[in-house]
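Here are some notes for a colleague who is opening this entry for the first time. Please keep the sequence and the 3D view at hand while reading.

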Amino acid sequence: MADRQQQHAHGEGRTAAQRLGYAPAASADSPSTTLLRRVQTHAPNSTQVVGFLTLAVSGAVLLLLTGLTLTGAVVALIFLGPIALLTSPIWVPVAVALFVLAAAALSACAFVVVTVAAGTWMYRYFTGRHPVGADRVDYARSRIADTASHVKDYAREYGGYLHSRAKDAAPGA
């Protein structure tokens with residue numbers, strides 16, 4: 001028993017929360033004490049409290065800004081809607097003209113970019129720097145030359161046959 005009193009005097013045998021004064025001693029077992037003990041052991045630390053407060057304040061500010069934005073949009077629609085409706089015969093042709101102008105400008109810019117890229121590629125190809133895709137162009141060129149050569153040989157071989165058949169069909173020709 002003296003050993004147990006000595007442990008109690010030095011703080012041994014108690015939980016860390018009990019030693020620091022956060023939790024009551026184990027002698028009180030009433031339901032309110034156990035509930036209080038559970039709440040104290042699961043209480044958030046100061047970092048968690050500050051984080052929660054920051055989240056709450058940020059959420060409130062964003063909710064306020066969302067409300068103001070929505071209110072401003074509705075008020076602007078109410079006041080500017082009739083003006084837009086009355087002036088729409090002017091705005092529709094202007095919008096179409098601006099769209100056509102923007103499309104033409106973007107098309108011209110794209111055409112210039114493609115022309116510069118193709119010119120650069122051809123310059124590199126003809127100066128022998130072998131740009132990307134040069135091997136495919138060389139292969140296609142050789143295939144076209146081979147096909148032309150075969151067609152030429154075929155025409156020489158069978159051209160006389162067709163010419164003689166034409167003379168048989170038209171003896172005076």
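The points below go from confidence and overall make-up to surface and aromatic side chains.

1. Confidence. This is a predicted model. The mean pLDDT of the protein chain is 83. Of its residues, 75% reach 70 or more. Helix α5, residues 88-126, has the highest mean pLDDT among the elements, at 96. Helix α1, residues 2-10, has the lowest, at 50. Where pLDDT is low, the predicted coordinates should not be read in detail.

2. Make-up. The protein chain holds six helices and zero strands. Along the sequence the pattern reads α-α-α-α-α-α.

3. Burial and surface. The protein chain has 173 residues, and buried residues make up 4% of them. The exposed area of the chain is about 15000 Å². Carbon and sulfur atoms supply 71% of that area.

4. A nonpolar patch. Look for Leu70, Val74, Val75, Ile78, Phe79, Leu80 and Ile83 on the surface. Together they make a nonpolar patch of about 700 Å². Take phenylalanine 79 as one of its members. This residue is found in helix α4, residues 46-86. Is phenylalanine 79 buried or exposed? Its relative accessibility is 59%, so it counts as exposed, because the cut-off for exposed is over 50%.

5. A stacked pair. The count of aromatic pairs comes to two. One joins tryptophan 121 and tyrosine 125: the ring centres lie 5.2 Å apart and the planes meet at 10°, so this pair is stacked. Planes under 30 degrees apart count as stacked. Both residues lie in helix α5. They are four residues apart, about one turn of the helix.

6. An edge-to-face pair. Tyrosine 125 also pairs with phenylalanine 126. Here the distance is 5.4 Å centre to centre, with 70° between the planes. This pair is edge-to-face. Ring pairs thus link Trp121, Tyr125 and Phe126 into a cluster.

7. Exposure within the cluster. How do the residues of this cluster sit with respect to the surface? Tyrosine 125 has 16% relative accessibility and therefore counts as buried, since buried means under 20%. Tryptophan 121, at 25%, counts as partly exposed. Phenylalanine 126, at 66%, counts as exposed. The cluster thus takes in a buried residue, a partly exposed one and an exposed one.

Technical notes
Residues are numbered from 1 along each chain as its sequence is written. This is a predicted model: local features need pLDDT of at least 70, side-chain atom pairs count only at pLDDT 80 or more; totals for chains, interfaces and linings use all residues. Side-chain values use heavy atoms; hydrogens and water are left out. pLDDT is the predictor's confidence in each residue, from 0 to 100. Helices (H or I, at least four residues) and strands (E, at least two) are DSSP runs, numbered from the N terminus. Patches are made of residues with over 30% relative accessible area and no salt bridge: like charges are joined within 9 Å, nonpolar side chains (Val, Leu, Ile, Met, Phe, Trp, Tyr) within 5 Å. Accessible areas come from the Shrake-Rupley method with a 1.4 Å probe; for residues, only the protein chains shown count as cover. A salt bridge is a side-chain nitrogen of Lys or Arg within 4 Å of a carboxyl oxygen of Asp or Glu. Buried means under 20% relative accessible area, exposed over 50%, partly exposed in between (1.4 Å probe, protein chains only). Rings of Phe, Tyr and Trp (its six-membered ring) pair if their centres lie within 6.5 Å; planes under 30 degrees apart count as stacked, over 60 as edge-to-face and the rest as tilted.
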